[in-house]
Amino acid sequence: QVQLAESGGGLVQPGGSLRLSCVVSESTLDNLAVGWFRSAPGKEREGVSCISYSSFHKYYADSVRSRFTISRDNAKNTVYLQMTDLKPEDTAVYYCAAPCDSYLNLNYDYRGQGTQVTVSS
């Protein structure tokens, strides 16, 4: 059973930055691609990013490309999402999930509880 736990959400002004973290249970981390998706009221869920186990492959939604950066530290069983130049439309609950793919499909087997990101002045 894969367990994921997110942290790092909060309230930030437009143009600001946040870094989300996702700790993944060690027992199933090997070869696991891990990603992020977000869910906001009145909007469809959106796959945001995905990173392969080796970090060689990274994928982004067009809406966040060049603003968000995904990374991972397998020694710490942690995946990160660095978010910069945040916009009000980035407001959502962000979930860490696995496994992910290059198409950012939303059919994950596992996901965390989510962390709220609010972008507002």
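Is Asp90 buried or exposed, and at what relative accessibility? The legends below describe views of a predicted model, and the answer comes with the view of Asp90.

**Figure 1. The whole chain is built from strands and loops, with zero helices.** The protein chain contains eleven strands, and from the N terminus on every element in its order is a β element: β-β-β-β-β-β-β-β-β-β-β. Its C-alpha atoms fill a box of roughly 40 × 25 × 25 Å along the principal axes. The radius of gyration is 13 Å, which agrees with the value near 14 Å that a compact globule of 121 residues would have. Buried residues make up 45% of the 121 residues. The accessible surface comes to about 6300 Å², and 45% of that surface belongs to carbon and sulfur atoms. Contacts also link distant parts of the sequence: among those between residues at least 6 apart, 57% join residues at least 24 apart.

**Figure 2. Four strands form an open sheet in the order 1-3-8-7.** The pairing in this sheet is antiparallel. Strand 1 and strand 7 (68-73) are the edge strands, each pairing on one side only. Neighbouring strands are turned by 15° against each other on average, direction ignored. Strands of a sheet pair through backbone hydrogen bonds, either parallel or antiparallel.

**Figure 3. Strand 3 (residues 18-24) pairs with strand 1 and with strand 8.** Strand 1 (residues 4-7) runs antiparallel to strand 3, and the two share four bridges. One position to look for is Ser7, whose bridge partner in strand 3 is Ser21. Towards strand 8 (residues 78-83), strand 3 has six bridges, again in the antiparallel sense. Here Ser21 stands opposite Tyr80. Strand 3 is mostly covered, with five of its seven residues buried.

**Figure 4. Strand 7 and strand 8 pair over six bridges.** The two strands run antiparallel. Ser71 has Tyr80 of strand 8 as its bridge partner, and Tyr80 also stands opposite Ser21. Asn77 lies in the loop between strand 7 and strand 8. Although Asn77 is not a glycine, its phi is positive, about 55°. Asn77 counts as buried because its relative accessibility is 14%, below the cut-off of 20%.

**Figure 5. Asp90 sits in the loop between strand 8 and strand 9 (92-98).** To answer the opening question, Asp90 counts as buried, because its relative accessibility is 1%, and buried means under 20%. The side chain of Asp90 makes a polar contact with the side chain of Arg38, at 2.9 Å. Leaving aside neighbours within four places in sequence, Asp90 is in contact with Arg38, Arg67, Phe68, Asp85, Val117 and Val119.

**Figure 6. Asp85 has a positive phi without being a glycine.** Its phi is near 50°. Asp85 is placed in the loop between strand 8 and strand 9, the loop that also holds Asp90. Asp85 counts as partly exposed because its relative accessibility is 39%, which lies between the cut-offs of 20% and 50%. Asp85 is among the residues in contact with Asp90.

**Figure 7. Strand 9 pairs with strand 4, strand 11 and strand 10.** Strand 4 (residues 34-39) runs antiparallel to strand 9 over five bridges, and within this pair Phe37 stands opposite Tyr95. Three bridges join strand 9 to strand 11 (residues 115-119), also in the antiparallel sense. At one of these positions, Ala92 has Val117 of strand 11 as its bridge partner. Two bridges join strand 9 to strand 10, which run antiparallel, and Ala97 stands opposite Arg111 in strand 10. Strand 9 is mostly covered: seven of its seven residues are buried.

**Figure 8. A cis peptide bond joins Ala98 and Pro99.** The omega angle of this bond is about -15°. Pro99 is found in the loop between strand 9 and strand 10 (110-111).

Conventions: Residues numbered from 1 in each chain as written. Predicted model: local features only at pLDDT ≥ 70, side-chain atom pairs only at ≥ 80, totals over all residues. Heavy atoms only, no water. Buried < 20%, exposed > 50% of the residue type's maximum accessible area, 1.4 Å probe, protein only. Pairing = 2+ DSSP bridges. Axes fitted to C-alpha atoms, helices over the stretch in contact; angles between N-to-C directions. Rg over C-alpha atoms; globule rule 2.2 N^0.38 Å. Contact = heavy atoms within 4.5 Å. Areas by Shrake-Rupley, 256 points an atom, 1.4 Å probe, with all protein chains shown as cover. Polar contact = N/O pair within 3.5 Å; in protein donor to acceptor, adjacent residues only side chain to side chain.
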